[in-house]
Amino acid sequence: MSSSELPEYALVNREQWTRVNAEFTDANANAAWSQEEITWGQTHAREADVGVLGDFAGKDVVELGCGTGYFGARLKRNGAARVVGVDVTPAQLESARRVNEASGLGLEFVEANAEATGLPDSSFDLAVSEYGASIWCDPYKWIPEAARLLRPHGELVFLRNSTLRVLCTREEMPSDTETLQRPQRGLHRIEWRNPDEVEFALGHGDWFRLLRVTGFEVLDLVELFATEDTPESTYYEFSRAWAERWPLEEIWRARRRS
Ligand SMILES: C[S@@+](CC[C@H](N)C(=O)[O-])C[C@H]1O[C@@H](n2cnc3c(N)ncnc32)[C@H](O)[C@@H]1O
């Protein structure tokens with residue numbers, strides 16, 4: 001996909017994910033792919049406990065911002081008929097394809113911006129994102145794209161940083177604070193400098209309204225606190241102690257009304 005077709009923030013984020021990929025070995029990827037149990041994000045909440053995916057056996061799934069593909073791999077291993085991973089970073093997809101080949105699981109991968117995938121209308125039963133489009137894409141673009149890709153009554157399930165976490169994050173390490181670092185009013189695009197990244201976030205009211213006007217009904221919003229499996233310190237230095245008191249992450253589940 002040529003750079004001129006991508007928004008500037010997708011190019012910034014693609015560079016960063018190319019750097020991250022260089023530190024991520026196939027051994028890391030293999031370990032992540034071989035996990036059978038479906039867990040969510042940095043809290044490692046178990047799908048068996050949160051129950052947001054419904055019965056996806058035999059369903060066609062698209063993962064928006066699939067990275068190295070481990071989340072989709074777990075869905076395939078647990079019965080999904082077809083899993084298509086979409087990602088904008090070629091290096092991430094190369095890792096995903098190598099592990100996919102070795103695993104024999106048969107996922108498919110597409111290099112594209114998750115805000116405009118080029119995949120056919122109404123071709124999936126379930127769209128998921130675990131720290132993919134859910135934080136790196138503009139919600140006003142990727143949520144309508146997810147709606148377009150889903151069949152009538154298809155479901156969208158995505159994990160993101162909780163709004164409270166976004167409001168309490170600072171650039172310096174450790175980045176978790178107990179004080180608000182930015183206003184919620186106008187929350188949308190967040191630019192980080194160390195490293196250079198562009199993230200997107202909305203408050204709950206704006207998420208709810210966006211999903212509703214895009215043709216979804218909201219089925220669930222699960223806030224994730226630390227579990228017994230949450231590490232002491234997560235990526236970007238959010239501590240377990242913080243996540244014991246406030247939600248570190250949240251999962252939205254929505255269904256296309258028609
Ligand atoms: C944290 S990783 C996703 C992890 C994923 N759950 C997995 O199983 O590996 C974030 C991914 O989002 C991708 N991404 C960032 N911006 C994107 C965009 N505009 N379209 C598609 N993917 C994007 C990055 O390339 C990166 O691979």
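These legends describe close-up views of a predicted model.

**View 1. Aromatic rings join Trp142, Phe158, Trp207 and Trp252 into a cluster.**
The whole structure holds 9 aromatic pairs. In one of them, Trp142 and Phe158 meet edge-to-face, with 5.2 Å between centres and 85° between planes. Trp142 belongs to helix 7 (residues 139–149) and Phe158 to strand 7 (residues 150–161), so this pair ties together parts 16 residues apart in sequence. Trp142 is buried, at a relative accessible area of 0%. Phe158 is likewise buried, at 0%. Phe158 also pairs with Trp207. That pair is tilted: the centres are 5.1 Å apart and the planes make an angle of 45°. Here the link runs from strand 7 to helix 9 (residues 204–213), across 49 residues. Trp207 is buried, as is Phe158.

**View 2. Helix 7 carries a set of buried residues.**
Pro139, Trp142, Ile143, Glu145, Ala146, Ala147 and Leu149 are the buried residues of this helix. Asp138 acts at the helix start. One of its side-chain oxygens comes to within 3.0 Å of the backbone nitrogen of Tyr140.

**View 3. Strands 8 and 9 form a hairpin.**
Strand 8 (residues 189–193) and strand 9 (residues 196–200) pair in the antiparallel sense over 5 bridges. There are 2 residues between the two strands. Glu191 stands opposite Val198 of strand 9. Strand 8 has two faces. Ile190 and Trp192 make up the covered face. Arg189, Glu191 and Arg193 make up the uncovered one. In the loop between strand 8 and strand 9 sits Pro195. The peptide bond from Asn194 to Pro195 is cis, with omega near 5°.

**View 4. A cis peptide bond runs from Met173 to Pro174.**
Omega is near -10° at this bond. Pro174 lies in the loop between helix 8 (163–168) and strand 8. Most peptide bonds are trans.

**View 5. His44 and His153 have positive phi values.**
Most residues other than glycine have a negative phi. For His44, phi is near 60°. His44 sits in the loop between strand 1 (39–40) and strand 2 (45–46). His44 is partly exposed, with a relative accessible area of 33%. For His153, phi is about 70°. His153 lies within strand 7. His153 counts as exposed, at 51% relative accessibility.

**View 6. Lys76 is buried and has no salt bridge.**
Lys76 is part of helix 4 (residues 70–77). The nearest side chain of opposite charge is Glu108, 7.4 Å away. A salt bridge needs a nitrogen–oxygen distance within 4 Å. A polar atom of the Lys76 side chain instead lies 2.9 Å from the backbone oxygen of Leu105.

**View 7. Arg46 forms salt bridges with Glu37 and Glu228.**
The closest N and O atoms of Glu37 and Arg46 are 3.3 Å apart. For Glu228 and Arg46 the value is 3.6 Å. The Glu228 pair links distant parts of the chain, 182 residues apart. Glu228 lies in the loop between strand 10 (216–224) and helix 10 (240–245), and Arg46 in strand 2. Glu228 is exposed, at 65% relative accessibility. Glu37 is partly exposed, at 37%. Arg46 is partly exposed too, with a relative accessible area of 27%.

**View 8. Glu155 and Arg253 meet in a salt bridge.**
The N to O distance is 2.7 Å. Glu155 lies in strand 7 and Arg253 in strand 11 (residues 249–256). The two residues are 98 apart in sequence. Both are buried.

**View 9. A salt-bridge network joins Glu8, Arg189, Glu191, Arg193 and Asp196.**
These residues are connected through salt bridges that share partners. Arg189, Glu191 and Arg193 are on the uncovered face of strand 8. The count of salt bridges comes to 21.

**View 10. Arg165 lies over the face of Phe238.**
The distance to the ring centre is 4.6 Å.

Notes: Residues are numbered from 1 along each chain as its sequence is written. This is a predicted model: local features need pLDDT of at least 70, side-chain atom pairs count only at pLDDT 80 or more; totals for chains, interfaces and linings use all residues. Side-chain values use heavy atoms; hydrogens and water are left out. Rings of Phe, Tyr and Trp (its six-membered ring) pair if their centres lie within 6.5 Å; planes under 30 degrees apart count as stacked, over 60 as edge-to-face and the rest as tilted. Helices (H or I, at least four residues) and strands (E, at least two) are DSSP runs, numbered from the N terminus. Buried means under 20% relative accessible area, exposed over 50%, partly exposed in between (1.4 Å probe, protein chains only). A charge sits over a ring if NZ of Lys or CZ of Arg is within 6 Å of the ring centre and within 35 degrees of the ring normal. Two strands pair if DSSP finds at least two bridges between them. Lys and Arg count as positive and Asp and Glu as negative; His and the chain ends are not counted. A polar contact is a pair of N or O atoms within 3.5 Å; within protein, one must be able to donate a hydrogen and the other to accept it, and residues adjacent in sequence count only if both atoms are side-chain atoms.
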